Structure formats: C-alpha cells, structure tokens
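Me: Please take a close look at a single part of this structure and explain how it sits among its surroundings. I am in my first year, so a connected account would help me most.

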Amino acid sequence: MSDVRVRGAAAAARIRVVRPGELDAGEIERWRELRALSGAPANPFMEPEFSQAVGRVRPGARVAVIGGDGGGPVGFFPYERGPLGQGRAIGFGVSDSQGPVLSPEHTLTAGELLSACSLSSWEFDNLEAGGGLFVPDAAEAFDSPVIDIGQGYEVYEAVLRAGSPKFFRTTTAKERRLARQAGEVRFVFDERDPAALRTLMAWKSAQYRRTGRRDRFAKEWISTLVRQLAADRPDSAPGCSGVLSVLYVADRPVAAHFGLRSRTVLSCWFPAYDTGFAKYSPGLILHLRMAEAAAGAGIGLLDLGRGAAEYKDALKTGELRVYEGASVRRGPRAALYRLSREPSRRAHSFVRNRPKLAGYAQRALSQMGRLRDR
C-alpha cells in the first residue's frame, strides 16, 4: 500500500493505492454509494466485487482510494499496472464497462491521478460515458446496445413485435420446431451445475478458433476469473455475481450464456451454442428466454456489450455510449506508448469503420481458423 498527497489544484486530496482485497467494509459501502449517486446503470463491471475478483487472479490489480477534506473517500480508481508503469482498465480485455468511480466533490485531473498511481498511461476500451475525467482522451466512441426490460417482459415483447416483427416471429417459430423435432425445450436462468459451465467454455473456445480469433479461455487468469465469479451468489456479492443461463433440449444443453449481474443490470458476456443445432437459432431463443427470466428477477436492463452483430440490432431497445483510447502523461514513456499501441489501434479502427473491408477481414480470419483446426 502507498499513500500519496497530490499537490497543485488538488492539494486536499490524499490518495492511497491498495490491492482490491485490502478495501475495508466502509470503503466498499462508499464505492456503492458513489455509484448510486452517479445515476449510471449499476453495471456489475463497475462494482467493487468485480475489482476484487480480478485482484485475486491479476497480481498487478490496484485501486486508488481518493480521500476528501477530512471525510470519507470521494473516489475510487481501479486499474492494472504493468512493469514499466503502463496502466490499463482493471480486467482489460474482458471488462465491458470501465472508469473511475468519483464524487462531484473531487478536484483531480487525469494527470494528477495517473501521477499518484505511478502510471505513465492508462488504456481503456469500454470507458463508461460518465467517466468524464478520461473521456477527453478517448480516440473513438461506440454504441453498446441494451435491452430495457424495466417495465416487464410483456412490454419488451410488444416493442419487439412492433420493431422487429419478422425476427420475433421467426425465432419463436424455430423454438416450436425445435421442440417438435428434438424434444422438450427447457430453460434454466441461473444454472449451478459446473458441467454446464465447462460445456459453454468449450463451445466458446471452439467459436474463437473457428472464427480465427484469440481464445480468451486459453488465458488461465480469464478462465479462473469466470469460474470464481460463477461460484458467487447475489446475497454475498450483490453488486457483481455470475449468472449461467442454459437452454436444454431433452436435457441436453444446446445454448448457454454466462454473464454478470447486479441487482438491476445483467451484463451479457459469453454466449455460445451447439453448432449441431444451428438451424434452430438456439442462441436467439436463449436471449429471449433470458430477457423474460431477468425481468422476473427484478433486473431492468440487459447490456449486450459493444460490438456489431445482427442479433443485437434485432434485440436492442437502445444504446449506451462507451469510449476507447488512452490517457498518457507527458514524457518519454508517452512517446513509447504511442509507438507501441497507436499504429495497431488505428489499423483496427480503419478496418472496423469500412464494412466491406471488415467483411474481407472476417472471412480471412475464418479461413485461418479452419486451417488451424485441420
């Protein structure tokens, strides 16, 4: 743990840097209070439990606790620090919502906060729109589609019937055909069987390979993080606990999703399905069942996550804004960061913003995936 007093405009701020597991009960409660006061959706990636979970599998995970004028903390900044002082959002690579948790009373600048944390830079790819301290440093902005089920599933279904009638009609027809041709269709919103989670992870790894993408579950810290979060329960981790939802046909899993939930938000994270049932679109059936069950559990919002996909366009009722970029302090390490990261980011952006080129790239990745599996 380190204790730093920031000089300059934020002279009253004292910043303690701790491991996430070193936060005390009062600090965790204050974190939750600040999130509630922000008015932002209670995204589980922004809750203290997620930072604590990452801290158990990532040795560089830290939280800056920002003190006020003699009172309790006025902010928290979760991050990961590399060996040369380069920083990233905590859980970078899998976290779908990122940023500091701050009271309006704070007077820090981004540079002062990075300096207090001994960071030369801080990289983000899903910065929450309310993370105003770092938004000016964003290079790009993206829409993250969401499903509003706050008024109940019946209201959402009516919106879906009106806005995407062909999609809804086709998906429900496929569910009926699946039941007729393959057996009884059964859905479990919060499945606790570890075998079902292993099946989902195997499907997802195969999907990554099939599409030529990096297998996230090949990283031990990610697979361990998912298993640990899957074991958490809402009563012990109200801000962030795992939810494994499974669609069964004749007691055989055909689609599954693992996500994180708070009391009011379900963040969609890892969906996958058995490709042998692809003609029935089991993943789409799963998402409709999941929305219905989530509404019944008191959840008001499903965050589908950043990234273009036809199924997201059909299911969504709106979008949230997220940002990608980096805040970099002046100095020689800033130049090093730009040389090492910016060319790659710009190349990805160039391809992503040109649909025809992106299509060529996806086909090339898929071809590579097929070759790799031979």
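Reply: A helix is here a DSSP run of H or I that holds at least four residues, and helices are numbered from the N terminus. By that rule, Ala173 belongs to helix 5, which covers residues 165-182. The model is predicted, and every value below is computed from it.

Before the chosen part, the chain as a whole deserves a short description. Its secondary structure comprises 11 helices and 14 strands. Of the 374 residues in the chain, 51% are buried. Among contacts with a separation of 6 or more, 72% join residues that are 24 or more positions apart. The chain exposes about 17,700 Å², and carbon and sulfur atoms supply 51% of this area.

The part selected for a close look is strand 10, residues 241-249. How many of its residues are buried? The count is 9 of the 9 residues, so strand 10 is largely enclosed by the rest of the structure. For this step of reasoning, the cut-off matters: a residue is buried when its relative accessible area is under 20%.

The two faces of the strand may be considered separately. In a regular strand, the side chains alternate between the two faces of the sheet. On one side of strand 10 stand Ser241, Val243, Ser245, Leu247 and Val249, and on the other Gly242, Leu244, Val246 and Tyr248; all of these are buried, and both faces are therefore covered.

Strand 10 also has partners along its edges. It runs antiparallel to strand 9 (residues 185-188), to which 4 bridges join it. Within that pairing, Phe187 stands opposite Leu247 of strand 10. With strand 11 (residues 252-261), strand 10 pairs over 9 bridges, again in the antiparallel sense. Here Tyr248 has Pro253 in strand 11 as its bridge partner. Strand 10 and strand 11 form a hairpin with 2 residues between them, and in the turn Ala250 has a positive phi of about 50 degrees.

Another strand offers a useful parallel. Strand 3 (residues 61-66) is mostly covered, with 5 of its 6 residues buried. It pairs in the antiparallel sense with strand 2 (residues 14-18) over 4 bridges, and Arg16 stands opposite Val65 of strand 3. Strand 3 pairs with strand 4 (residues 75-81) over 6 bridges, also antiparallel; in that pairing, Val63 stands opposite Pro78.

A charged residue elsewhere shows what burial may look like for a single side chain. Asp303 lies in strand 13, residues 301-303. Although buried, Asp303 has no salt bridge, and the nearest side chain of opposite charge, that of Lys312, is 7.5 Å away. The side chain of Asp303 does make polar contacts with the side chains of Asn43, at 3.3 Å, and Ser144, at 3.0 Å. Setting aside residues up to four places away in sequence, Asp303 also touches others, including Pro145, Val146, Leu266 and Leu320.

Finally, helix 5 supplies a contrast to the buried strand. Ala173 has a relative accessibility of 25% and therefore counts as partly exposed. Its C-alpha atom is 9.9 Å from that of Ile285, although the two residues are 112 residues apart along the chain.

How values were computed. Residues are numbered from 1 along each chain as its sequence is written. This is a predicted model: local features need pLDDT of at least 70, side-chain atom pairs count only at pLDDT 80 or more; totals for chains, interfaces and linings use all residues. Side-chain values use heavy atoms; hydrogens and water are left out. Buried means under 20% relative accessible area, exposed over 50%, partly exposed in between (1.4 Å probe, protein chains only). Contact means heavy atoms within 4.5 Å. Accessible areas come from the Shrake-Rupley method with a 1.4 Å probe; for residues, only the protein chains shown count as cover. Lys and Arg count as positive and Asp and Glu as negative; His and the chain ends are not counted. A salt bridge is a side-chain nitrogen of Lys or Arg within 4 Å of a carboxyl oxygen of Asp or Glu. A polar contact is a pair of N or O atoms within 3.5 Å; within protein, one must be able to donate a hydrogen and the other to accept it, and residues adjacent in sequence count only if both atoms are side-chain atoms. Two strands pair if DSSP finds at least two bridges between them.
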